[in-house]
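Open the model in your viewer and keep the selection panel at hand. The tour goes from stop to stop, with a short note on what to find at each.

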Amino acid sequence: MKRSDACPRCRPRGAPFDGRLLARAFEALEAGDRGRAAAAFETLQANLPDDADALNAIGVLGLRLGDPQRALAPLVRAVESNPRAPAIRCHLAIAYRSLAQPDLAIAELQAALALDPLLAEAHSNLGNLLLERNDHAAAEASFARALALKQDYPFALFGLGEARLAQGRAEQACADFERALALDPSLHEALYGLSRARSAIVAELERADGAASASPAVVTSADSALESIVAALSINARQSGVLDAVRALRQGIRAAPSRRFARPRSPVPRAWP
């Protein structure tokens with residue numbers, strides 16, 4: 001998307017910028033009053049200021065309201081006004097990603113990290129974009145850099161697990177997902193990833209064991225995979241990651257009957273969503 005090349009000093013000015021309105025918009029958002037926050041955003045959009053920090057705040061407000069298209073203009077202008085502010089570039093990257101423009105998002109994150117290489121969140125966000133582009137090795141490196149800066153970072157651990165699983169390293173991925181869940185049990189995506197990783201381990205053991213489908217290693221791994229799948233299903237029975245795990249487990253186990261598996265400790269939900 002082409003950036004505006006208009007000179008800030010040449011833009012027509014309307015009424016003076018109302019910083020108090022911006023503050024009230026965020027207060028309304030924090031209070032759960034999205035309608036009042038959205039109305040303030042409309043007013044602010046009609047008279048954008050020239051100050052980079054104010055423009056950035058308006059853009060962040062738009063992102064939090066779920067309107068990346070209209071958040072884009074103030075964020076672009078904020079970067080133009082202060083191109084050496086890495087946080088603004090990170091917010092612009094979020095807008096570009098939300099608008100399905102990953103190349104522009106990657107460019108903004110790389111620019112932000114060139115200005116400040118110690119931004120763990122920027123490394124993690126870059127890893128997510130590289131994952132979406134199927135550049136798994138580069139994504140793993142980005143997540144590793146994020147974790148070197150911020151060890152207890154569940155989102156980066158989850159991304160690292162996804163990158164390693166995509167490269168066929170299921171056991172390492174399991175460890176990453178388990179660490180992420182230990183830090184944040186509400187990170188359901190890590191549970192979905194764990195179910196897929198454990199199912200992949202079963203498939204790997206099956207290939208290694210050949211006809212010995214009922215070997216203790218296969219049965220133990222399958223039991224762990226089933227337990228993760230049941231826990232994931234209790235959260236969202238239609239989540240694509242869980243369905244992938246079920247398919248992987250079915251492909252991995254060819255001959256072991258269900259009676260060989262211990263009963264999962266997690267209860268099966270009575271009603272499916």
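**Stop 1: H3 and H5**

Select H3 and H5; H3 passes H5 in a left-handed crossing. This is a predicted model. H5 covers residues 86–98, and its axis lies 10 Å from that of H3, at an angle of about 30°. That angle makes H3 roughly parallel to H5, because angles under 35 degrees count as roughly parallel.

Now show the side chains at the contact. On the H3 side, pick Ala-52, Asn-56, Val-60 and Leu-63. They meet Ile-88, His-91, Ile-94 and Ala-95 of H5.

**Stop 2: the loop after H3**

Move on to Gly-66, in the loop between H3 and H4. Is Gly-66 buried or exposed? Gly-66 is exposed, with a relative accessible area of 58%. Next, set a distance label from the C-alpha of Gly-66 to the C-alpha of Ser-98. The label should read 9.2 Å, for two residues 32 positions apart along the chain.

**Stop 3: H2 and H4**

Select residues 34–45 for helix H2 and residues 68–81 for helix H4. Their axes come within 12 Å and cross at roughly 45°. H2 and H4 are therefore oblique to each other. The crossing is left-handed.

Which residues make the contact? From H2, take Phe-41, Glu-42 and Gln-45. From H4, take Arg-70, Ala-71 and Pro-74.

**Stop 4: a salt bridge from H1 to H3**

Side chains of opposite charge can pair when their charged atoms come close. The structure holds 13 salt bridges. Start with Glu-30 and Arg-64, whose closest N and O atoms are 2.8 Å apart. Glu-30 belongs to helix H1 (residues 19–30) and Arg-64 to helix H3 (residues 52–64), so this pair ties together parts 34 residues apart in sequence.

Colour both residues by accessibility. Glu-30 is exposed, at a relative accessible area of 57%. Arg-64 is partly exposed, at 39%.

**Stop 5: a buried salt bridge from H9 to H11**

Select Arg-196 and Glu-162. Their side chains meet in a salt bridge, with 2.3 Å from N to O. Arg-196 sits in helix H11 (residues 188–209), and Glu-162 in helix H9 (residues 154–166). The two residues are 34 apart, and the pair links distant parts of the chain. Are these partners buried or exposed? Arg-196 is buried, and Glu-162 is buried as well.

**Stop 6: a salt-bridge network**

Keep H9 on screen and add Arg-164 and Asp-176. They form a salt bridge, with the closest N and O atoms 3.0 Å apart. Asp-176 is in helix H10 (residues 170–183), and Arg-164 is in helix H9, 12 residues away. Asp-176 and Arg-164 are both buried.

Extend the selection to Glu-140 and Arg-169. Salt bridges with shared partners join Glu-140, Arg-164, Arg-169 and Asp-176 into one network.

**Stop 7: Ser-142**

Go to helix H8, residues 136–149, and pick Ser-142. Its relative accessibility is 1%, so Ser-142 counts as buried. What is Ser-142 in contact with, leaving aside neighbours within four places in sequence? The answer is His-123, Leu-126, Gly-127 and Leu-130.

Add Asn-128 for one more distance. Ser-142 and Asn-128 are 8.7 Å apart, C-alpha to C-alpha, and 14 residues apart in sequence.

**Stop 8: the whole chain**

Zoom out and switch to a cartoon view. How many helices and strands does the protein chain have? There are 13 helices and 0 strands. Read along the sequence, the pattern is α-α-α-α-α-α-α-α-α-α-α-α-α.

Turn on the surface. The protein chain exposes about 14,200 Å², and carbon and sulfur atoms supply 53% of that area. Of the 273 residues in the chain, 47% are buried.

Finish with a contact map. Take the contacts with a separation of 6 or more. Residues 24 or more positions apart account for 58% of them.

Technical notes. Residues numbered from 1 in each chain as written. Predicted model: local features only at pLDDT ≥ 70, side-chain atom pairs only at ≥ 80, totals over all residues. Heavy atoms only, no water. Helix = DSSP H or I, 4+ residues; strand = E, 2+ residues; numbered from the N terminus. Buried < 20%, exposed > 50% of the residue type's maximum accessible area, 1.4 Å probe, protein only. Contact = heavy atoms within 4.5 Å. Areas by Shrake-Rupley, 256 points an atom, 1.4 Å probe, with all protein chains shown as cover. Salt bridge = Lys/Arg side-chain N within 4 Å of Asp/Glu carboxyl O. Axes fitted to C-alpha atoms, helices over the stretch in contact; angles between N-to-C directions. Parallel < 35°, antiparallel > 145°, perpendicular 65-115°, else oblique. Left-handed = near helix turned anticlockwise from the far one by under 90°.
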